[in-house]
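This report covers strand pairing, one helix and the salt bridges of a single model.

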Amino acid sequence: MNKLIYMIAVASLLLTSCIRQKALPRAVNTINSAPLEALNLVREDYEILNTITADATIYYRQKSKSYTISNNEDGFWFKNVQGIYKFAGILKLGFLSNDYAIGNLSNLQPEEVSRGLAIYRAINLAQQYGADAVIEPTISTNVEQVGRDIVFKSTITAKLIKLKTDN
């Protein structure tokens, strides 16, 4: 009897250790964003470096009690099967200042992933230009059915600014 209880205890420990969720690898960027009038700057205080556009496409497929969110360009996919998560790649997300929203994986939404990836890519462009901030960002997301997938395509357009200093 004691051997049976011991074997059940060991089996349950092994089972729970196999089910334990790993942390979803993430790369997160943030950048300051503000309407130009809120900055309280005169035109001589900053330089508009460029207007940039970045986009991201996310595929969402739902089956009875599971769904998959994927991005073919980066090799990222996330699958939720009745609360058990599987994933590959890195979830790349960008946020405008004070916009950080994704926290609970059980509530991961394809539109948030699409929007976050587009912003992530825009922030990378801003870094390449040496920008201090983006102004007047516009983000749009289109959703359409393509075969069995629902496709979320987000596009962000923003002006990059560099603040002028006395140095």
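The text below takes the strands, then the helix, then the charged pairs.

This is a predicted model, in which local features need pLDDT of at least 70, side-chain atom pairs count only at pLDDT 80 or more, and totals for chains, interfaces and linings use all residues. Residues are numbered from 1 along each chain as its sequence is written, and side-chain values use heavy atoms, with hydrogens and water left out.

Helices (H or I, at least four residues) and strands (E, at least two) are DSSP runs numbered from the N terminus; two strands pair if DSSP finds at least two bridges between them. Strand 3 (residues 46-63) pairs with strand 9 (residues 149-163) in the antiparallel sense over 14 bridges, and Tyr46 stands opposite Leu163. Strand 3 also pairs with strand 4 (residues 66-71), antiparallel over five bridges; a hairpin of two residues joins them.

Helix 2 (residues 110-129) has 20 residues and should span 28 Å at 1.5 Å a residue (times one less than the number of residues); its end C-alpha atoms are 29 Å apart, which agrees. Gly130, just after helix 2, has a positive phi of about 75°.

A salt bridge is a side-chain nitrogen of Lys or Arg within 4 Å of a carboxyl oxygen of Asp or Glu. The count is five, including these:

| Pair | N to O distance |
|---|---|
| Arg61 and Asp149 | 2.7 Å |
| Glu73 and Arg121 | 3.3 Å |
| Lys162 and Asp132 | 3.9 Å |

Arg61 lies in strand 3 and Asp149 in strand 9, so this pair ties together parts 88 residues apart in sequence. Asp149 is buried (under 20% relative accessible area; exposed is over 50%, partly exposed in between; 1.4 Å probe, protein chains only) at 16%, whereas Arg61 is partly exposed at 28%.
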